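Let's take a friendly walk through a protein fold together. Have the sequence and the 3D view ready, and look for each part as it comes up.

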Amino acid sequence: MVQNILEVDHVNKSVQDASGVLTILHDINFQLQARESVAIVGASGSGKSTLLSILAGLDTPTTGTVKLRGQDMFALDEDGRAALRGAHLGFVFQSFQLLGHLTALENVMLPLELRGERDARGLARQMLERVGLGQRLAHYPRVLSGGEQQRVALARAFVQQPDLLLADEPTGSLDFATGEQVMKLMFDLNRELGTTLVMVTHDQNIARQCDRQLKIAAGHLQDVTLADLPA
Ligand SMILES: Nc1ncnc2c1ncn2[C@@H]1O[C@H](COP(=O)(O)OP(=O)(O)OP(=O)(O)O)[C@@H](O)[C@H]1O
Ligand SMILES: [Mg+2]
């Protein structure tokens, strides 16, 4: 039997604001099999980043469950969830979330050091070279361009060789050629290591390269076929 790497059941997310209760996600259900690549598409404000944060256990659903490798993430406490995340998951944020007091190299080394990897420096350097930043190792985030920061964030996620990589618009700040290079790296990881990929993207070409496309419209999720995507 193929084990689902991720199972999302009846996830709802509501927040309270000044004008009342706002429901951001409505009854989201889907499963991902290991090695699948999935694009999440949808208009700005439809709930893509909120869903991705919940899949990563970084935000909590109001109701519903998310199982990562069969483990109910929200049945765990914060520490348990962090450990599960550390073991299986890589995350690339829409806003990069690099640590400002660490260089590019140190940002990529950090997750490796946290897991006790002996050659953190060498592996981090190699990955930064693969994303084209071999000449920017000692730069701090504030002196890197937006696209360079995005590539450091990608290198930090890739270097952990996670089972599941969640990426929020991973090529959003990149020029076409660099974006292609980063996508190739993601699909190489998918092929070589069996990394399951979930990426939010506004780029139809990227969505088409994935095995599956999920669309969010005003917080409702639907499986779509390629024919449903705009050309
Ligand atoms: N904590 C919050 N409180 C109130 N509203 C929120 C909160 N978090 C998200 N929202 C609202 O939920 C909606 C979905 O936000 P989300 O960031 O998931 O959208 P998105 O699909 O990722 O959009 P984009 O493509 O612009 O990144 C938005 O309308 C946003 O304003
Ligand atoms: Mg978003």
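A good place to begin is a single pair of residues: G90 stands opposite L165, which sits in β7. Keep in mind that this is a predicted model. The two strands behind that pair are β6 and β7 (residues 164-168), and they run parallel to each other, joined over 4 bridges.

What packs against this part of the structure? Helix α1 packs on the sheet, where it touches β3 (37-41), β6, β7, β8 (196-200), β9 (212-217) and β10. The direction of α1 makes about 155 degrees with that of β7. Another helix, α5, packs on the sheet too, touching β6 and β7. Its direction makes about 175 degrees with that of β6.

Now let's see the whole sheet. How many strands does it have, and in what order? It is an open sheet of 6 strands, and reading across gives β6-β7-β8-β3-β9-β10, with mixed pairing. At the edges are β6 and β10 (220-224), each of which pairs on one side only. From one strand to the next, the twist averages 15 degrees.

There is another sheet to find. This open sheet is formed by 4 strands in the order β2-β1-β4-β5, and here the pairing is antiparallel. Its edge strands are β2 (20-33) and β5 (71-72), each pairing on one side only. Follow β1 (residues 4-17) and you will see that it pairs with β2 in the antiparallel sense over 10 bridges. One of the matched pairs is easy to find: D17 has G20 in β2 as its bridge partner. Helix α1 (residues 48-55) appears here again, lying across β1, β2 and β4 (63-68) and running at about 60 degrees to β2.

Step back to take in the protein chain, which has 7 helices and 10 strands. Along its principal axes, the C-alpha trace spans about 45 × 45 × 45 Å. Why does a radius of gyration of 17 Å agree with a compact globule? It agrees because a compact globule with 231 residues would have a value near 17 Å.

Next, look for empty space. Rolling a probe the size of a water molecule over the atoms shows where such space is left. The largest pocket has a volume of about 560 Å³. Its lining is made of 18 residues, and L89, P111, L114, R156 and Q160 lie nearest its centre. Which elements each supply at least two residues of this lining? They are α2 (78-88), β6 (89-92), α3 (104-114) and α5 (146-158). You have already met β6 and α5, in contact with each other at the sheet. By class, the lining of the largest pocket divides into 11 nonpolar, 4 polar and 3 charged residues.

The second largest pocket holds about 240 Å³ of space. It is lined by 15 residues, with L123, M127, F158, V159 and Q161 lying nearest its centre. Helices α4 (120-130) and α6 (176-193) each supply at least two residues of that lining. Sorted by class, the lining of the second largest pocket has 8 nonpolar, 3 polar and 4 charged residues.

Notes: Residues are numbered from 1 along each chain as its sequence is written. Chains are lettered from A and ligands numbered from 1 in the order in which they are written. This is a predicted model: local features need pLDDT of at least 70, side-chain atom pairs count only at pLDDT 80 or more; totals for chains, interfaces and linings use all residues. Side-chain values use heavy atoms; hydrogens and water are left out. On a 1 Å grid over the protein atoms alone, a cavity is a set of points where a 1.4 Å probe fits but cannot get out, and a pocket is an open set with protein on both sides within 12 Å along at least five of seven lines; lining residues have an atom within 4 Å of a point. Grid points are joined across faces, edges and corners, and a volume is the space filled by probe spheres set on the points. Ala, Val, Leu, Ile, Met, Phe, Trp, Tyr, Cys and Pro count as nonpolar, Asp, Glu, Lys and Arg as charged, and the others, Gly among them, as polar. Two strands pair if DSSP finds at least two bridges between them. Contact means heavy atoms within 4.5 Å. Axes are lines fitted to C-alpha atoms, for helices over the stretch in contact, and angles run from 0 to 180 degrees between N-to-C directions. The radius of gyration is taken over C-alpha atoms; the globule rule is 2.2 Å times the number of residues to the power 0.38.
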